[in-house]
Amino acid sequence: MHIELNEEQELLRETVRRFADEVVKPKAKEIDETGEFPMDFYRQAGELGLAGVCVPEEHGGAGMDVVSYTLVIEEISRVCASSGVILSVNNSLVCDPIQRFATAEQKQEFLVPLAKGEKLGCFALTEPGAGSDAAALRSTAVREGDHYVLNGNKVFITNGTHADIALVFASVDLEQKHRGITAFLVPMDTPGFSRGGHEVKLGVNASGTTELAFEDMRIPASWRLGEEGEGFKVAMSTLDGGRIGIAAQALGIAQGAYEEAVAYSKDREQFGRSLSNFQAIQFYLADMSTEIDAARLLTWKAAWTKQSQKRYTLEAAQAKLFAAEMAQRVTNKALQIHGGYGYTRDYNVERYFRDARITEIYEGTSEVHKMVIADWVLNKA
Ligand code: CAA
């Protein structure tokens, strides 16, 4: 494993940072307040190849490696966490499983427009009664000839307000528990498919979170992704990759908050000197920069393991757990360094502080990650 980025990765990071600073950052505060989904950003990101970073060029993507993907999500999240997760979901939770499980026809129909950013995807797994216990989902898919009829409800679906294509998980046989779960690719204008309104949240407020419902939704069997009963493995192996994306998002949020704190500590004077001259503040900054680097190394290690085609469940869970918890500590300290101003909406740190919180919840809570890590340490290492 190389800890240094190669020339191509450095160039990508510079390009995405410029795009983030010039195009994404100026709108971050506004879209957080209004909850407006940043579709312009998504289209522009698509033109830069960021909607399908690791998808091969022949399928509309940029054909880059997994470490490059983490750089993209970190740099975008460094200025706007909503934009970061929008991209992360499309890349890791939708394009990646299609790339791995789809037929050639499905790739042409679904993957190419998603990887180009012409269409937006969402991942429909979570249900009102099935959050951490994903295998307990109750949506059903009943086979009728060469069709399936789907019924059920999904909640907390990122991108759901604006997505064109959903990766939907439903059971062909509830008695089979996780072995009945099956994955389907569904255009969201299919009759019987409906979406709710924009969910107002503590943070990542512009990421288009909503509910979905399927009522006697009839779809061709050719939209099934993988085999019947294979859906839980599709979901779990996809979430392994998604967790690398969320680790990178947490890293970007922390990095953004840290940079604001460094600048503020040099600028703000109290007791006749800048805050950066106080050892208490210096120690905060020292801890923050160390933790951010540690999370970055874990994230790159998970990405590198995925790139090496090895099983990377453990590495992804460790990176996501550590990066998400690190982001709470770093954004909290960044806010503390800003004092009373940090608690107001005039400064960006309060947004970073709110945005960081979700990284400990979605794509697996910290507690789920500890279960996964303990299982590997005790039973699989
Ligand atoms: N890759 C491949 N297969 C896997 C796997 C993985 N990472 N993890 C488990 N499996 C397989 C197992 O090998 C097992 O296979 P067999 O049928 O052959 O035995 C099967 O799946 C069941 O495994 P478990 O018994 O371990 O499953 P479980 O029901 O105990 O669940 C869990 C384990 C880790 C708690 C899992 O349910 C989980 O990750 N829960 C969290 C769900 C989650 O992350 N939801 C996020 C929603 S999406 C989201 O947030 C997106 C967004 O909008 C931003």
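**The ligand shell and helix 7**

Helix 6 contributes more residues to the shell around the ligand than any other helix, with seven of them. In this predicted model, helix 6 covers residues 231-267, and two further helices, helix 4 (81-101) and helix 10 (366-380), likewise supply at least two residues each to the shell. The residues around the ligand number 27, and those that come nearest are Ser132, Thr158, His178, Lys233 and Arg243. When the shell is sorted by class, 13 of its residues are nonpolar, eight are polar and six are charged.

Two of the nearest residues approach the ligand through polar atoms of their side chains: an N or O atom of the His178 side chain is 2.6 Å from an oxygen atom of the ligand, and for the side chain of Thr158 the corresponding distance to a ligand oxygen is 2.8 Å. At Glu363, by contrast, a backbone N or O atom takes this role, lying 2.9 Å from an oxygen atom of the ligand. On its own the ligand has 1100 Å² of accessible area, of which the protein covers 74%. The space that the ligand takes is also the largest pocket.

Helix 7, which runs over residues 279-307, allows a simple check of helix geometry. Its 29 residues should span 42 Å, because a rise of 1.5 Å a residue is expected, and the C-alpha atoms at its two ends are indeed 42 Å apart, in agreement with that value. Just after helix 7, the backbone at Gln309 adopts a positive phi of about 65°.

Terms used: Residues numbered from 1 in each chain as written. Predicted model: local features only at pLDDT ≥ 70, side-chain atom pairs only at ≥ 80, totals over all residues. Heavy atoms only, no water. Near = heavy atom within 4 Å. Polar contact = N/O pair within 3.5 Å; in protein donor to acceptor, adjacent residues only side chain to side chain. Areas by Shrake-Rupley, 256 points an atom, 1.4 Å probe, with all protein chains shown as cover. 1 Å grid on protein atoms, 1.4 Å probe; cavity = no way out; pocket = protein on both sides within 12 Å on 5 of 7 lines; lining within 4 Å. Sits in = over half its atoms within 2 Å of the grid points. Helix = DSSP H or I, 4+ residues; strand = E, 2+ residues; numbered from the N terminus. Nonpolar A, V, L, I, M, F, W, Y, C, P; charged D, E, K, R; others polar. Expected span 1.5 Å × (residues − 1).
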